[in-house]
Amino acid sequence: MSEASNSNRAQAHPLGQPGGVAARAQHLAWPFFELRHQELVAELDPWAARRVAHAHGGDTDATCRGLVRALGEDGWLRYAVAGLEHGGLTDTIDTRAVCLIRETLAYHDGLADFSFAMQGLGSGAISLFGTGDQRARYLPRVAAGQAIAAFALSEPEAGSDVAAMACAATLDGSHYVLDGSKTWISNGGIADFYVVFVRTGEAPGARGITALVVDADTPGLEIAERIDVIAPHPLARLRFAGCRVPVSQRLGEPGQGFKVAMATLDVFRTSVAAAALGFARRALDEALARATSRRMFGQTLADFQLTQAKLAEMATGVDAAALLTYRAAWMRDGGARITKEAAMAKMTATETAQRVIDAAVQMFGGQGVVSGETVERLYREIRALRIYEGATEVQQLIIARELLRAAGAA
């Protein structure tokens, strides 16, 4: 990294003392990373400070569209798709790079992280299972920020229990006819296409689900409801009524949709942990800045041993979560199966980030709950991460199941 870039980064981050950029970059020296990962963060961090910091505006939809365009135009979305010939940076998705991008964007702005993540998750099934034609039609536009992607799995009665899915599709000649609804769909209402998982009945439960790519303007698909949440982002309930989708839009084989969904989530679940890390690191930096500048009783807040103990606990939790997160990402990039490791990372990072952010809000006192304060925004943004892409309780079940399976095999 050049002296100029160091100078730019220092100017972009007034929280550089005590904590800030240098402290956040220390983990890049861990053996999980290569030089290209260090160079990635060195370039992305000042870009994010300049282009997306505090991106939230009054019109969330317009803000997201603008963020996707910016991420695409400047090449960051190339990391979210696979295939050099389809706009990707490499033929396979670099999990560590995706995690570092999410961590860095989340540090600066949650909506920027969301915009990047959904481009990856929404198109991930196409990267993994799409035909050559499907990849050529969708992935280059996703990578360029010219098409917004969405992943439509959850239903009113089928969230963690995917096998309870009721949205169905029947085969009618060369088309599937979709009927039913999906809910909690991120990018719902602004997406250009949805990867939709529907029951096609080849077998009971999870073995009778199929994945289809449904363009947003397909007749019979409508946005039934927009959903407002505590950390605003585009979210909607979709309704399908006689929605005809060509068989050529199917991803993978009939009845293999559960496999498609789980493989896609497996790629991106670790990145949820990385986003939580970004939020936690920002909260820790905010807490350090507050503790060292807030005067009370003739000294600073940082001079109190209770404050020091809390800061130590926060910093240790962040490092522990980071180690689990980047272990999982490194293992996946090496070709290992990481079902247990990804679950450990996602559970630990999101739960730790919640505690770290809560502690930061506490250090700010009444100012910490004022609308618009950074720690107040982080407090709202972290809560959903403990639920989506597998709630903490589901991660616990996954970890235990993998432990018991290994014990049985032994």
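A search of the whole structure, which is a predicted model, finds 8 aromatic pairs. In one of them, formed by Phe33 and Tyr326, the ring centres are 4.8 Å apart and the planes meet at 65°, so the pair is edge-to-face, given that planes over 60 degrees apart are assigned to that class. Because Phe33 belongs to the loop between α2 (20–25) and α3 (35–51) whereas Tyr326 belongs to helix α9, the pair ties together parts that are 293 residues apart in sequence. Both partners are buried, Phe33 with a relative accessible area of 9% and Tyr326 with a relative accessibility of 0%, where the cut-off for burial is under 20%. Elsewhere among the aromatic residues, Trp30, Phe32 and Trp330 form one cluster, and Arg282 lies over the face of Tyr107, at 5.1 Å from the ring centre.

Helix α9, which contributes Tyr326 to the edge-to-face pair, comprises 29 residues (305–333). At 1.5 Å a residue a span of 42 Å is expected for this helix, and its end C-alpha atoms are 42 Å apart, so the two values agree. Tyr326 is one of a series of buried positions in α9 that also includes Thr307, Leu311, Met314, Gly317, Val318, Ala321, Ala322, Thr325, Ala328 and Ala329. The buried residues of α9 pack against three helices, namely α5 (95–108), α8 (257–293) and α10 (339–364). Following α9 is Gly335, for which phi is positive, near 95°.

Definitions and conventions
Residues are numbered from 1 along each chain as its sequence is written. This is a predicted model: local features need pLDDT of at least 70, side-chain atom pairs count only at pLDDT 80 or more; totals for chains, interfaces and linings use all residues. Side-chain values use heavy atoms; hydrogens and water are left out. Helices (H or I, at least four residues) and strands (E, at least two) are DSSP runs, numbered from the N terminus. The expected span of a helix is 1.5 Å times one less than its number of residues. Buried means under 20% relative accessible area, exposed over 50%, partly exposed in between (1.4 Å probe, protein chains only). Contact means heavy atoms within 4.5 Å. Rings of Phe, Tyr and Trp (its six-membered ring) pair if their centres lie within 6.5 Å; planes under 30 degrees apart count as stacked, over 60 as edge-to-face and the rest as tilted. A charge sits over a ring if NZ of Lys or CZ of Arg is within 6 Å of the ring centre and within 35 degrees of the ring normal.
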